[in-house]
Amino acid sequence: MKIDFTGKTALVTGSSRGIGLQIAQDIATCGGQVIITSTGRVSADDILAKIGKSAVHMVVDFTDRSSTQEFLGRLGALPKLDVCINNAGIGDHKPYDQVTEEDWERTNAVNLKAPFLVCQVAASIMKRQHYGRIVNISSIWGHISREKRSVYSSTKFGLRGLSVTYALELAQHNVLVNVVSPGFTLTDMVRKNYTEAELADVRSQVPVGRLAEPSDISRAVLFLASDLNSYITAQSLVVDGGFCSA
């Protein structure tokens, strides 16, 4: 058995770095045509150099309504879309009484509203094709939570609920919708939110003895997004080295 995206068009949001970049690179390596998104803060040439010249780059800022609507229009005009990976996400850790309404709106716009809107457009294309694979990237903080994660966990728990509903509505159209929930992964966001001492402490709590690399997450995503997945839908796969069960 082989994961093969030859002839497939895949969208990966938030793919300028970290897990999203790894997923885009891996789909391209497996023969897929990749559409990547970023907010435009990173050079498109730099991103495409890491993925391949055949990739298509689209700029979108999901915190900006006009930018989001423009992107959705371009997405809806695509002749085909076989795979949709909603990976774009943001998150700051703050005590509940320091969270502002702006924090709430901004995080929800990227982590929950954007996947809802992108899935709407992607589903319309996939229903027409009678084929599609959608994988939404949640988090272990969409299954469990800790202090200072009131907003982030709300969006990631919500994304799981959204995904199950989409899965039930789209199953009859051969469109499978699943969630991958990464644990602690060595990305820029994790390094921003945790000190080295805190990461060392977390590492000691992970049964497999290390933090995840983006490739660990990408492999799970690629399976669910590929033709090897023919019967799994409405599920959330936690990829955390056993952290949540320890």
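**Entry 1: α4 and α5**

I looked first at how α4 passes α5, and found a right-handed crossing (the near helix is turned clockwise from the far one by less than a right angle; anticlockwise would make it left-handed). By class, this contact of α4 with α5 has 12 nonpolar, 7 polar and 3 charged residues, where Ala, Val, Leu, Ile, Met, Phe, Trp, Tyr, Cys and Pro count as nonpolar, Asp, Glu, Lys and Arg as charged, and the others, Gly among them, as polar. The two helices pack at an angle of about 15°, with their axes 9 Å apart; axes here are lines fitted to C-alpha atoms, for helices over the stretch in contact, and angles run from 0 to 180 degrees between N-to-C directions. I therefore noted α4 and α5 as roughly parallel to each other (under 35 degrees; over 145 is roughly antiparallel, 65 to 115 roughly perpendicular and the rest oblique).

I then listed who meets whom, taking contact as heavy atoms within 4.5 Å: among them are Trp104, Leu112, Phe116 and Lys127 in α4, and Tyr152, Leu159, Leu162 and Tyr166 in α5.

**Entry 2: what I am reading from**

I remind myself that this is a predicted model, in which local features need pLDDT of at least 70 and side-chain atom pairs count only at pLDDT 80 or more, while totals for chains, interfaces and linings use all residues. Residues are numbered from 1 along each chain as its sequence is written, and side-chain values use heavy atoms, with hydrogens and water left out. Helices (H or I, at least four residues) and strands (E, at least two) are DSSP runs, numbered from the N terminus.

**Entry 3: α5 by itself**

I checked the length of α5, residues 150-170: at 1.5 Å a residue its 21 residues should span 30 Å, and the end C-alpha atoms are 30 Å apart, which agrees; the expected span is 1.5 Å times one less than the number of residues. Its buried residues include Val151, Thr155, Lys156, Leu159 and Ala167, buried being under 20% relative accessible area, exposed over 50% and partly exposed in between, with a 1.4 Å probe and protein chains only. What covers them includes α4 (101-129), β5 (132-137) and β6 (175-182).

**Entry 4: α3 and α4**

I found that α3 (residues 65-76) and α4 pack at an angle of about 15°, with axes 10 Å apart, and that they are therefore roughly parallel to each other. Thr68, Phe71, Leu72, Leu75 and Gly76 of α3 make this contact with Leu117, Val118, Val121 and Ile125 of α4, a set that divides into 7 nonpolar, 2 polar and no charged residues.

**Entry 5: Ile23, α1 and α8**

I followed Ile23, which sits in helix α1 (residues 18-29) and is buried, with a relative accessible area of 0%. Ile23 and Ser215 lie 192 residues apart in sequence, yet 7.7 Å apart in space, C-alpha to C-alpha. Leaving aside neighbours within four places in sequence, Ile23 is in contact with Val12, Ile85, Ile137, Ser218, Val221 and Leu222. The axes of α1 and α8 (residues 214-225) come within 9 Å and cross at roughly 55°, so I entered the pair as oblique to each other.

**Entry 6: two positive phi values**

Most residues other than glycine have a negative phi. I noted His130, in the loop between α4 and β5, with a positive phi near 55°, and Lys148, in the loop between β5 and α5, with a positive phi of about 70°. His130 is partly exposed at 44% relative accessible area, and Lys148 counts as partly exposed at 44% relative accessibility.
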